[in-house]
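Please examine the sequence and the three-dimensional structure shown below. The paragraphs after it are intended to be read with both in view.

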Amino acid sequence: MRKPRFAWPLGLVAVLFLALVAAGCGGGGSSGSNNNATTTGGSAGSASGGTIRIAIGSEPPSLDPGLATDTTSAFVVLNTNVPIVYLGPAPDLKPEPALATSWDTSGKTVTLHLRKDVKWTNGDPVTSADVVYSWLRTISPQLGADYAYQFYGIQGAQEYNSCKPSAANQQCDTLKNKVGISAPDKYTVKVELTSPQPWFLQQLSHTSFIPVNKTAVDKYGAKWTEPGHIVTDGPFMLKQWKHDASLMLVKNPDYYDASSVKLQTVKLNIIPDGSTAEQAFNAGNVDVNETGWPPSDTPSIKNTPAYQQFPSLGIYYYGFNVKVITDPNQRKAMALAIDRKTIVDHITQTGQVPATNLSPAGIPGASTINSDKFLKPTADMTLAKQYMAKVSNPVKSINLIFNNAPGHKEIATAIQAQWKQLGINVTLKQMDWPQFLKFLGPPPDASVGVYRNGWIADFPDDINFLSIFQCGSGNNNTNWCNKQYDNLLKQATAEQDQQKRYDLYQQAEALLTGKNGDMPIAPIYWYTFAYQVAQNVHGWNTNPMDEIDLRTVSIG
């Protein structure tokens, strides 16, 4: 789903570094002492009148549902709009009514029946025409949306997205008219899929399917998401946006279920630095610290009532620019040299699991999909050096980029030491979030050898993870393209037998991370989510896709 900004709260990198040097990257090491930070957060009454103050780690790159690709943007988009469906509680995560109050499925046809009481903040009703317009806009080649591929399961969507628009080329208009999305009446949307897709209804919870207001988009263009211009339909409205400083959301009185929304105001303070965010929480200046905190503070924070941890379907990984590190043997050597267990034991420390594959351990079918156990939780430096010896022209100097959120530098420093044992000199380059996204691409900047990234599920089916690395995917930052891999996913999409689909996923996963695969990525760990939450905040929760629904939150 979304690209997370953070490694999340982290532990003792100094101990890790010493353990790596002493043990040859082979194992753990005991944790050291920690500081005595107090983590109590905002006290009752500190944010009276139904106002919650949340520290977030970066400026949202986009509040346009068609363009938002990261967790910060998605958090705001989800709470200012009504998605097509919500997801129910884990582990089932079944679709529940939202904009679509009900639906019918017959083979490859899905029919959505929309609520008739949802209004845009300009007073107009939200209709099926808004959904059709918005989906076609996101698919359109003109918008250049990274998430256009989310719609490829709809007939004609990929063909339309792949056309080359020009004044002389009428092909795009023809292809647009062939996309399997229509509005039989004002409150009905009919969708024709390329094949029956069991996950499609859950996929509709994703922010890229959220409709946008055509009048606002046409009037303001790229500036339509600014305060005073933006038109939405969700439980909260964007009132203020001081770029790179803060955002303010206020309750939408015309939201269809406004009586259930407890909060009146949501203040989002942009605090990229973990120390500053933790200090703000301890001083009672914010009620939730979603930014994170310094690595050395994790043990003490975990022992406070403010600490809250949630399970995740997500992965933290390093991607290789295969045009820089061209030999799969070198990429395998680098992946084998990473000591994942030491990283989660001594850096992240919030329940993460060492990732030996892309597909999360909690995804349905994982026991089949992840049956290729080439990578291990601990480093295998002996095998790594054997693979390195096979490389005729190894790349010995590499730039590793990561964004400036808590933990990324500590992880990068540890892996830098591990790769040094392979004779590789790694230059660490820390960037702010917008610059980082620019360097990621796709395609990545030519100076990038390795990048840090993460992925949180949109829906609980592995196609969502594996499709990241299809040729031409807007989230494939590796420059890797393997037609065999793409064909396996195409077969899986059409396969109705669940076990056969998992077998196809297994073959695709093996091409990514298996012994005979291409290794365009190095999995590091599977996520958990952790926050500091004040005692007077009630109902704070996140599902395994990192979706935080403020409708359920109250304060006081």
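The text that follows goes through helix packing, single residues and unusual backbone geometry in turn.

The model is a predicted one, in which local features need pLDDT of at least 70 and side-chain atom pairs count only at pLDDT 80 or more, while totals for chains, interfaces and linings use all residues. Residues are numbered from 1 along each chain as its sequence is written, and side-chain values use heavy atoms, with hydrogens and water left out.

Consider first the helix α10, which covers residues 328-336. Helices and strands are DSSP runs (helices: H or I, at least four residues; strands: E, at least two), numbered from the N terminus. Helix α10 is mostly covered, since 7 of its 9 residues are buried. The term buried means under 20% relative accessible area, exposed means over 50%, and partly exposed lies in between (1.4 Å probe, protein chains only). The buried residues of α10 are Gln 330, Arg 331, Lys 332, Ala 333, Met 334, Ala 335 and Leu 336. At the start of this helix, a side-chain oxygen of Asp 327 comes to within 2.8 Å of the backbone nitrogen of Asn 329.

Helix α10 packs with helix α13 (residues 381-389) at an angle of about 165°, and their axes are 8 Å apart. Here axes are lines fitted to C-alpha atoms, for helices over the stretch in contact, and angles run from 0 to 180 degrees between N-to-C directions. The angle therefore makes α10 roughly antiparallel to α13. Angles under 35 degrees count as roughly parallel, over 145 as roughly antiparallel, 65 to 115 as roughly perpendicular, and the rest as oblique. The crossing of α10 and α13 is left-handed; a crossing has this name if the near helix is turned anticlockwise from the far one by less than a right angle, and is right-handed if clockwise. On the α10 side, the contact is made by Asn 329, Gln 330, Lys 332, Ala 333 and Leu 336, and on the α13 side by Leu 383, Ala 384, Tyr 387 and Met 388. Contact means heavy atoms within 4.5 Å. These residues divide into 6 nonpolar, 2 polar and 1 charged. In this division, Ala, Val, Leu, Ile, Met, Phe, Trp, Tyr, Cys and Pro count as nonpolar, Asp, Glu, Lys and Arg as charged, and the others, Gly among them, as polar.

A second pair consists of helix α11 (residues 340-348) and helix α14 (residues 408-420), which pack at an angle of about 140° with axes 11 Å apart. Helices α11 and α14 are therefore oblique to each other, and their crossing is right-handed. Helix α11 contributes Ile 343, Ile 347 and Thr 348 to the contact, and α14 contributes Glu 410, Ile 411, Ala 414 and Ile 415. The residues of this contact comprise 5 nonpolar, 1 polar and 1 charged.

Single residues add further detail. Gln 202 is located in helix α6 (residues 200-203) and counts as buried because its relative accessibility is 13%. A polar atom of the Gln 202 side chain lies 3.0 Å from the backbone oxygen of Leu 93. When neighbours within four places in sequence are left aside, the residues in contact with Gln 202 include Leu 93, Lys 94, Asp 458 and Phe 459. Tyr 525 belongs to strand β17 (residues 521-533) and is buried, with a relative accessible area of 0%. Its C-alpha atom is separated by 5.9 Å from that of Ile 315, although the two residues are 210 apart along the chain.

The backbone geometry remains to be considered. Most residues other than glycine have a negative phi, and most peptide bonds are trans. Where does the chain contain a cis peptide bond with omega of about 10°? This bond joins Gly 441 and Pro 442, and another cis peptide bond, with omega of about -5°, joins Pro 442 and Pro 443. Pro 442 lies in the loop between α15 and β16, as does Pro 443. Pro 443 counts as exposed because its relative accessibility is 56%. Its C-alpha atom is 6.3 Å from that of Asn 479, which is 36 residues away in sequence.

Asp 244 and Met 519 have positive phi values although neither is a glycine. For Asp 244, phi is about 65°; this residue lies in the loop between β8 (236-242) and β9 (246-251) and is exposed, with a relative accessible area of 58%. For Met 519, phi is about 50°; this residue is found in the loop between α18 (498-513) and β17 and counts as buried at 0% relative accessibility.

Technical notes
Polar contact = N/O pair within 3.5 Å; in protein donor to acceptor, adjacent residues only side chain to side chain.
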